[in-house]
Structure formats: structure tokens, C-alpha cells
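Please take a look at the model below. A short report on it follows.

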Amino acid sequence: MTEIAATAVLAPDVTTDERAARSHLARRFLTNPLGIAALSVLVLIVLAAIFAPLLTSYDPNTVSVLHILQGPGAGHLLGTDGAGRDVWARLLYGARYTLAGALLATVVAAVLGITSGLVAGYYGKWFESSASWVTTLLMALPGIVVLLAARAVLGPSLWTVMIIFGVLLIPAFYRLVYAAVSGVRNELFVDAARVSGVSDRRIIARHILTVVRAPIILQASIVFGIAIAVQVGLDFLGFGDQAIPTWGNMLNDGFTNLYRDPQLVVWPALAVVITGVALTLFANALRDELEQSARPRRRRRATTVTPAEVAAATVTPAEVTPATVTAADPVRPESGTIVHEEPSSTAQAPLLLHIEDLAVGYPQADGSVTRVVDNVSLDVRRGEVHGLIGESGSGKTQTAWSVLRLLPAGGEILEGSICLDGEDLSTVSSAQMRDIRGGRIAYIPQEPMSNLDPSFTIGSQLTEPMRVKLGVSKTEAKARALKLLGQVGIPSPERTFASYPHELSGGMAQRALIAGAVSCEPDLVIADEPTTALDVTIQAEILDLLRELQRELGVTILIVTHNFGVVADLCDRVSVMQKGRIVETGPARAIFADPRHPYTRTLFDAILDESQARGPYAESRSA
Amino acid sequence: MLTFTVRRLLYGVLLLFVIVTLAYLLLYAAAGNVARTILGPTATQATVALKNKQLGLNTPLISRYFSWLGHALTGNFGSSWFTNQAVTTAILTRLQVTLTLVFGAVIVSAVVAAVLGVWAALRGGWVDRLIQLFSVLGFAIPGFIIAVFLVRFFALGTHWFKPTGYIPLTTSFSGWVGTVTLPVIALSIGLVAGVAQQVRSSVIEALRQDWVRTLRSRGVSERSVLFKHVLRNAGGPALSVLALSFVGLLGGAVIIEEVFGIPGLGQVAVLATSEGDVPLVMGLVVAIGVIVILVNLLIDLLQGFLNPKARIS
Amino acid sequence: MFRRKWPGVAAGAALALLGPLVLGACSSSSSSSSTLTLGVITPATTFEATDMNWGNESPYNEAVYDSLVQASPTGVIEPHLATAWSYNAAKTVLTMTLRTGVKFTDGTPFNASVAAENLEAFQKGTSNNASDLAYMASATAVSPTKLVIRLKQPDPAFLTYLGEAAGSQESPKAWKSPTASTVPVGSGPYLLDPKATVVGSSYVFTANPNYWDKPEQHYSKIVMTVYTTPTTVLDAIEGGQVNAANTFDDTTIPQIKDAGFTVYPLQLNWAGLSLFDRNGKMSGPLGKVKVRQAINDAFDRAALLKDMSDGYGSVTTQVFPTNSPGYESSLNSYYSFDPAKARQLLAEAGYPHGFTLAMPSITSAFGETTYALIQAELAQIGIKVNYTDYQGSTIFTAILAPKYPATYFTLEEDPVPWQLAQFLLTPTATFNPFHSTDSTVAGYLNTMQTGSSAHAAAAAKALNRYLVQNAWFAPFFRPQSSFVADSHTSVRVQAGNAVPYLWNIEPKP
């Protein structure tokens, strides 16, 4: 490995999630073919080194005056070097020294680094500050120069050099362990354990060491590789210990005799490269497994819709209670959606969004397709606020994203059409869709913080799309943005304009996002649970804001929510989704007054009311 | 920002002071025979004794240290014991050579790694695998093996580049390119491997973020999403990798300069440390220390620019 | 091994008759616009004449300084800044007549008092050849053109020394200059260009327009580039980056030849064991002649030459070089590879089961192979060698202490017998750490020092024979060093020096 590989060592970006550690990492690692192959190669090399006497009858240091620089052949598997020593023997015994030296450096770095990391992380204070100081010092020293100087003072012994190198690499382990420990230390459960009397040592052993187990192995393999590389480098410069066989000395001898016998360099070079590659692949595989197991499931759980569930969701006329059935309430035969009719007094506004028989799914590796939205039809009229309500996993957000054609990776629109003002969006080109997004359809996300680019100011994130879509100048865009920020109720627009997302509160960020959504005067605004992530008091404010904007700008809003309160507050019409299908739709008043679908009724029943939480306590009757 | 910079610089000075003191004590522990080394075997003991006196090796260590320190603070680092050249001159003339190589490697690596990392992240499939393979190999093969290979094939085989030496930019542009290209490539390969991997995973991670969807929902072009937003966010971790590898690059430069016969700091470091040329080694220690501290500071400032959360308020 | 040669060790002996000796036409006009790029293997330690080294560093000196006399390629002393000289009968007073009208490049005139000061400064200086002037008692300017040098004892090598670093003449004004060590002021054929020079790696010289010896100035510009490893030397040769170069070793000779360069082989050193403890003070066995003779019989010199030097060089049993009056070719057959005879000699000396011998090693300079081979050959006759490895120059301190009764080393073979004697053989010689001597040796040495040239030559021969028969050393071979030059450059190699003298390197017409 290169000396530059030290970077990977000093930037421990490995996940120290406890969940990761506990999830049978070893077993999962064993399913990684590249990792297994790499590990086998390493084991083979170590075994060859250990069993060297069995694999060759030659002594690696025996010089033979008469047999120098012989090629591979009779008697010598790989030939002899410049002193008549058997190359294969030197390769095998050299493996011992090279590997042992690297192991020494790794062990020194690990033992000192881990212990100091544990102590510094757990007890902190002065130990931590002096340790971090020493760490910076060690990291500032270029390894090879220090080793050269040390060698000048202490002599060329491989062991001395490797010990010193191990000391130089302490930061690799220290930083890793320290980060893990100080992270866990702040977890509440550690305090709880302490309160219940668990000793420090047990806490450290049980919680912390489990977490860093795998990352330490990862670091160790990288450090090991670097130690080999540095050894080889020093030997190449001629500064190694000449009396023992090492791969580096073999390389040096090979280069000296490069013109007399070119193939001498090949064997030690191969040995070094193969070991390095195996170590790198092993480390990569380990890191991949760690990261995979640690990543929390980010994608919203896609529910599989089975035929049985479809049947259950479909309401047959016989189940509808007679009292509520009127001739004016038809049931759509295919989807089974209950549709409440509009009161005939209201004039029907033109249809803005017309979704028909939409199906969205995620193709799986085994060929099946997981459907998250099935046979959904939805109408949104101009100027109305339409609520799309359902539980988590009902497919409402997926529906919203389909309209924008911004489904997560792997998602596809399987069937159906989405018409915006008559134009079918599912057939439009990407460039056209891009024009439509922001300009005609806007999006207000759920979680404000994670939906703003942390590296750019609010102002830049507001003005950039405006300049692209509206073609205005920078100053003009800024002026508009400031005005918008004022409109959404931000007290000091200038300051917010110049702020970064992490400097704002959730409520302010959400207002900024709303400002962004309406900045290009869209026709339709899709709001995806815009208040769920906010405090209760802020929720009310945001809802007021949305209502105001809708009145002032006349935008149509499709609001996705699981909260009936929001629906009651804002919506003109409502659609209820369950397991990827719309089960009931109609004017909000009608549905509130008379929910017909069993699922809708369950939802209403789940709303807390004034009734007591439990009945009076009854004495147990004695027999 | 200003207080941050000043504080870091002061901290760096303190660090440098510690390094320098340690180095001085360490070196003088081994300086006993340097007179003989300079003069060689044929000189008489009398000449050796005279040389020892001339080098000031007969005075106590502490007084020598303070004398050196005093001179150093005024910018006088003495002269090399082996070439009699003023240490500051020796280091400054060679410094630009090594820095050319090192910064050349950093820039080339940054650009190539960014391209490869983004390509691997976006395309996936066989492109991704190929780039991963290249990364593994670049990581695992020691730099000097690559260097020797480059010399054999590209300098001597095809005569496109010069096998040894260094021609400054001010002397001849084509000459400079001819002598600098291969060493920079040899230095860069290991670095590209590491940074490309980091860029790739950062880009993949960034593309998974919610704000990417929100930006797209605003109608921002894919190109802007990728090159303005994603790369900016991916830059931070990649920059960390670059920062940490800078010190490793200096070590790598030592070997590369030996192979290519380039008169840089690395070549002088090998010679000076092996001979025990104390004034020159001390000058080197100071020079390298200053470079590392300044580069780390620069990178921290750059990180602050890239990642607002990292800025020290 | 990639270490640079010790300065001075390779200053030494015979010109081999191998290889073409190109006698270039001594062109009287300097080529007006030609450049010589010379590859050197060591940087200049300093440019202060009083501290400069010779040998591998001689080109630096020759470029900028003149010396009092000049040695021809075969070692004959010829006039240069001194036009004539003579000894008194006792050979303790040397009177020299100096050239007039020579000025240093800073305008200072050269005269006898300048010469005297330069000599005295060199004697007190830190050149590794400072001991060349060890016998000088005083140097006095009797007139501006007459210099009288008084010697404490006769020194047959003195005039040779005056043609090397010891005789270099530097302008007196430059002595006080703070830049004296990097900016030389001499009267020589070239001027150092400090701006184009990168100290330690590339030195640039331009022709001195006012040089008084124009026939010796063959180039308008000389660039001396320092290479630190054999590989980079070869790369430079193959890449056409040098016209001529000094080399480290023989590992790349075939490739250099393939690149179209001519190889000028030299044998300047002998490699072998120095059996210092001839009186048995530290190692009883070594004090016995038969033991030392047995050691001489234990080595297969031809095989060692092949293994340690790839066959480049020639085997030898003597420390005197072929072009020395003391050389006798028949002595080479005095010992042969005969381990059986060696064991018998050991038994006769009272060591039938051999003995243990402690020796220092410096594997970083000579490589592990060398020492392993020696150990193996001696083990065959029952002598067990225990090495202690040293780093850098600490080995000399150990050798010269003396800490060991014997050692392997590659040492210079000077063609001037007295020079060799002062280095190896006299009781006060540097490489005679046990100060061994006996009446026979002392007698021969005395004749060499004070006798007429004929008597001195005979004494040298006799001494050589005595040393071989009494096995003061166990030489193996004379390794070949090579100087190489391209087809546009003609070269006359210098007896006893690794690098030809600069005025003997010319562009081919």
C-alpha cells in the first residue's frame, strides 16, 4: 500500500452504531464473496510464512558462491539472488519478518491507541486535551523522515523501526475509539447503567467495545498494510536491516541486479502487491457490511397489497348500513371507492389534476413488483384544498411524488395517467417535467431541516430556481425572495436570507420552504404533511399561513396528512387512502358528517374525544 | 474567522517548537561521528579532531541548542556540514521543487478523483466496478514500483519524458512538463485511489438526501443539482481525506525523488538524515513543520467555506 | 548498494590496459559553443580550496582552481603554476619557480606569498587530504616568483600532492568572504555560475575569458550533475542527459555499452582483508604468520571477483597496483585457492580446530552478500567470523581505535609507493591501527623515503614481496571502476583517479 493510504486510517469514517455491531456482522461478512476471497488469501500467506520450513528445505540466509543469479529451475523453485540464496526460501521466511514487523507496528498502535482512546473518551478532561495535543503532533510528522532519523540514532533494527512507526500511527486507533466512547458516553442508557451501579469497566466493556470491535479490525488491516509499505519503502532506500530476509530487502536486491537478472524483482513485488490488494479488499468488504447494517431503513415501508386485502378494502353494497345508503351514493364498481357527491349548489370549478387508475410499484430483485399504490383515482379542482388522508404506509406520499415524477430510486409508475390541466404528465419528457416542477406544480416537504441543502444559504436556495424559471436578474430575484419571506411571516427577511439552514428553527425553515414553493407562482401546490415535524403551536401558524396564501394567490393545494384536525381546518374535499387504495372521497363536510367506509369510521373513532380513558376501578370480587 | 486563524497559528508555533526541540536532542545523540563521515577514512585523527572543533561538537548540548535556537529565530539556520551551503538557501531552492510535485499531485488527484468518483456513483455497474478495481490497485501497489515502471516505459521506452532531473518552469515550459509529469503521476495514483472512493460514497450519500428531491421539485437542472449542490456537499469529506494524506504525500515524495533523481526536499532529507548533517536536518524539520501546519490551516479554512456547520463562530 | 563512494577511498591506482585509450587531438582552440554535461556521484563538500577533497570531487576543483603542478595521465609531474622546481640534496627543501602574469578572477595577482599562504591554510584545513602536507614544516615566499618549502622529512609523494587539492590556489581576498564555500574565486579555466547552480545537484560553469592556459579549456560551458544511485546514472545515460559520467559500480556496464557509451575501465582500489593485528596483541592467532597465510589460501579469488564484482576487475594478492614500481606479477601466484593447505597451515600454527575472529561490517556500504561470502569461505577452513554491523562512519572509529584485529575493506592503491606507504604501511599510517612494523619493513620504508628513485623502487618491490609472504593483508581483487563517455567526447583517463582530469576531456572533432 502507499504511504498515502494513511488517509483512510486517520479519517475513521466507519459507523460505530451499536445496532451494526450486534447484527451478526461476522455472519453477514461471510456472505461477501470478495471479502471471503481476500481473507482466504491473507490466511494462506500467513500459513505459508508459519510453515515455511515445510515448504522449502533451503535456509534463506545461506550464501552460495557458485550459484548466484540463477534462474528458476533445477533445485531452486524461483532461482537464486545476487548472493546465491534461494529466492523461494527468502520469500517464505521474508514473509515471517515482514508480516511480524507489520504486526508489531499494528499491535503497538492498537494497544496504545485503544487504551488512550478509552481513557480519554470516558474520563475526558485533562487527559483528553493532552492526548489530542499529542495526536496532532504525531499526525504532523512525515513518517519516513522520522523513521530515517530514528534509524540514524537507533540503528537499522526492523523491530525498533516498527515500534516507532506503531507509535506514529497511534492516532488511527485513538481517534476511532475516542469518537465511539465519547458518543456512547452521552447516551442516556449509560447514565442509567451507572445509576444502577454498573461499574465503569463493565459499561466500557459491554457497550463500547462491542461497538468498536469491527471498526478496529478494519483500521488494523489498513494500518497493517501501511506498515508493510513503509517497511518496503525504507528497505528500498537501502535503510533496512540487511541481515534478515524481508520482502523489502529482496526488492532492493532485485533492483540492484535489475539488469543482470530482471525477474528477481517480480517475486517480492508480487508478494507485496497481493498482500496489499487482499488487505484492501478485506477492509473494503468489512466497511461495506458495517455501513449496510448500520443504515436505518430510510425508505418508507412499501406495503404489499395482496388480493385478500383488496377484497377486504372493497366495500360491497351489502355491508353498507341501510340508513346511509341513498340512491345518490354510487359505489364505483372496480375500485370500490365510496364517492360522496358534491352538493349541487356549488358550481364545479374546472378540473386541475386528474389522476386515473394510478398504480405505482417497486420492482424487486426476484422479479416481483411491490405495489404501493394501486388503482387510485383522484380529482383536484382549481382553487380547492384537497386533503389526502391515511395512515403511515398507505401510499399517500407515494401518490404525491408520482405527480411530481420524483419517486425514490427503484419506483415506477406502473399504470394509469396523471393529467394536469388535461396534459398527461406520465408521458411528458424530462425536460418538460422539469419546467413543470416549480413552475406549475410545487412541493412543500415534511421535514424542513433535511430538505434544505446545508451548504447553501436560504437566500441562494430561494433565488437560484427563480432565476432559472423566471429569468430574472440576481437583484430582482433577491428582492422577490425578501418579499416572499416577509409574506410567509418571517420577522427579519434579510437575516434569514443570509442564514444557513442549520441556523434556523424548524418553523422558520418550513416557512422558507413554503416561500420557495410559491415563489414561481405555481398552479398546484402539493404539501406533504407540512406540519407533522413541527411543534403544536407552530403547526397552527403554518396552517394559517397556508390558508392565507391560498386565498391571496388562489393556488390549488393537495395536502397529504394523517391528521383529521388539519383536514377539518383547511380542506374543501378529502380522499381517504388505505393500503394503496382510495377507499372514500368527497366533500369534507359530507365525510365528516357521514363516514361510510369502515376504515374511515375507524379513523374517526381513533380521534380522542371527551370520554373517559377508562372506567372506574372495580374491586375484585372475592369468591 | 480571524481569531480562529490566529489561534491555530499560535498553536502551530507551539507545536513546531516542541517538534524542533525533540528533533535537536535526537539528532545530537547521533552526531558523534559526523566529522569522520564528512572527512572519510583517509583523514587523520588530527584532522577529525579539528573538524569536530570547527563544527562545535565539543561544547555542551544545551548551550548548542540555545545557540541554534537563537540563530534560528533570526532566520539563520547555519550551513550544511556536508556541502557548506547556507541551510536556508539549500531548503528554499529545493522547496519549490518538492512543492511543485506535491501540489501538482494534489490538484491532479483532486480533479481526477472527482471525475472518477462522480462517474462511478452515477453510472454504477461495470464503470463502478472498474473504478473500484483501479482504486484497490492504486492503494495497494507501492509508489516506487509504479515510479520505476513509469521511468522504464514512458521515459526510456518512448522518450516522451525525461527519466531524471528537474527543469524549472522559468527555464523551459516543455522541459518542466517533461521532468514533472511522471513523478506527479507516480505520486498521485495512491491519492486518487483513496479520494475517488470517498467522493463516490459521498456522492451516493448526497444523492439520497431529501433536499435533492426538494431541489428537483423546484425545477433546478440536474446539472446544477450535481455539480453545484452534490459536489459541494461531497467536497467536505473528500477534503478531509486530502488533508490527512498531505503528510503522507511528503513521505511519498522522498521515495519518488530518489527514483527520479529530482533535487527536492525529499532527496536532501534522505541524505541529510543518513549522514547526520544536523543543521540541514533541523532546517528540514522546521520547513516541513511549517508546511504541514500551514496546509492544515488552509484546509480547515477551506472546510469552513464548504461546510457552513463546521465554521467556528 | 546505493550508497555513494567514500571520498578519497577511490583515489588511487593503475590505469588498466583494458579498454581503448582514446588519445584525442590536443586541440589548441576551445570549441566556441560546446557544452559538457558531466555526471558526478557526489556533490562538492565545499568550494574553499583549503578544505576541498580530491578523488570523486576533483572535477569541482579542476574547474575553478589551478594547482602548482599538474600530473600527466600517467602520473608524470609537469609544470603548471610552477614552472620549475628542485630539491636540495637531503630532499628536505623544495624550491619552486612560479609563473608570472597570472591573475585570479577578482583581479588579485598570483605570487609566491599567495602560494605560501594557500599551502599553510590547506595544512591546517579540514580537507580529507589535509595530511598530504603533514611533512611540510614551512612555506616561504623568497621573492614574488620564488617559493621555498621546507619539509620535516623527505616525502617522495610531495610533488604529487602539489598537483592535487593541496596545491590549489585560491584568491586571498576570497578567504574572508562569507560565501567562500559556495562561490569560489580562483584562476582556473571556468567560473561557477551561482545563479544557475543548484547546490548539491547541479553545478554550472562558464569558460573563464581571461584564462592563461587556453589550450586546456575545451568547452564554453560545463554542467556537473549529481546522481545518487546507479539507476539514475543509467537513466541519464540512456536518456541522453550526460556526455560523460563517473559510475558507482559495474552493475549496469552492459546497458551503458548498449547505449553507445565507451567504458574506460580503471582499477583504483583493492578489495580484501586487512589483517591489522600482525603482532597478535588482540587476536593471538593472527599474530602467527602461518595463520595469516592460511587465510590467504582460503579464498577462491576468481569466484569472489565474479560474485562480488561480476567479473569486472582482476584478482590480486598484493596491495601495490600494477603501475607501481613495487608491483611484481609473479607474486599473484604466491597464494592459490587451497582450503586443504590452509587447514594444514592452521594446524601447524596450533589451531587444528580453527578459531573465532571478530570483524566489523558495514552492510549498508558493501552489501550483505560480501560479508556472507567471506564468512562462508573462512568457515570452510574452520575460522568462525562474528560480525558487528556499523552504520556510516562509526565503523572507522571502531577500526581505527583499534577495536578489531582485522576487517574487510576496499582501499585505495596509490601508484606512488610512498603515498601507499603513508596510508597503509608506516607505523603512523592511518590504516595501520596497531602500528605494526618490524626491522625489515622499517628498513625498506626508510629507503623508499630517502633513497634515490632507483633504490626507492627496488625497496618498494622488496617490501611488496615481504608483505605478501608475511601475509600482512589478504587481498582478493582489484575491482574495476568505470568512467564512461559518449561518442562525441574523447577522454584520457588519469592514473590513480576515478575521474579523468577536466582538461583531458574534450569534444571529438
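The text covers one chain as a whole, then one pair of helices.

This is a predicted model, in which local features need pLDDT of at least 70, side-chain atom pairs count only at pLDDT 80 or more, and totals for chains, interfaces and linings use all residues. Residues are numbered from 1 along each chain as its sequence is written, while chains are lettered from A and ligands numbered from 1 in the order in which they are written.

**Chain C**

| Property of chain C | Value |
|---|---|
| Helices and strands | 14 helices, 23 strands |
| C-alpha span along principal axes | about 70 × 55 × 40 Å |
| Buried residues | 58% of 509 residues |
| Contacts joining residues at least 24 apart, among those at least 6 apart in sequence | 72% |

Helices (H or I, at least four residues) and strands (E, at least two) are DSSP runs, numbered from the N terminus. Buried means that 20 or more other C-beta atoms, placed from the backbone, lie within 10 Å of the residue's own. Contact means C-beta atoms within 7 Å, again placed from the backbone.

Chain C has a radius of gyration of 23 Å, which agrees with the value near 23 Å for a compact globule of 509 residues. The radius is taken over C-alpha atoms, and the globule rule is 2.2 Å times the number of residues to the power 0.38.

**A helix pair between chains A and B**

Helix 8 of chain A (residues 143-154) and helix 11 of chain B (residues 265-275) have axes that come within 8 Å and cross at roughly 20 degrees. Helix 8 of chain A is therefore roughly parallel to helix 11 of chain B (angles under 35 degrees). Axes are lines fitted to C-alpha atoms over the stretch in contact, with angles from 0 to 180 degrees between N-to-C directions.

From helix 8 of chain A, V145(A), L148(A), A149(A) and A152(A) meet A269(B), V270(B), T273(B) and S274(B) of helix 11 of chain B.

How values were computed
Parallel < 35°, antiparallel > 145°, perpendicular 65-115°, else oblique. Contact = placed C-beta atoms within 7 Å. Buried ≥ 20, exposed ≤ 12 C-beta atoms within 10 Å, placed from the backbone.
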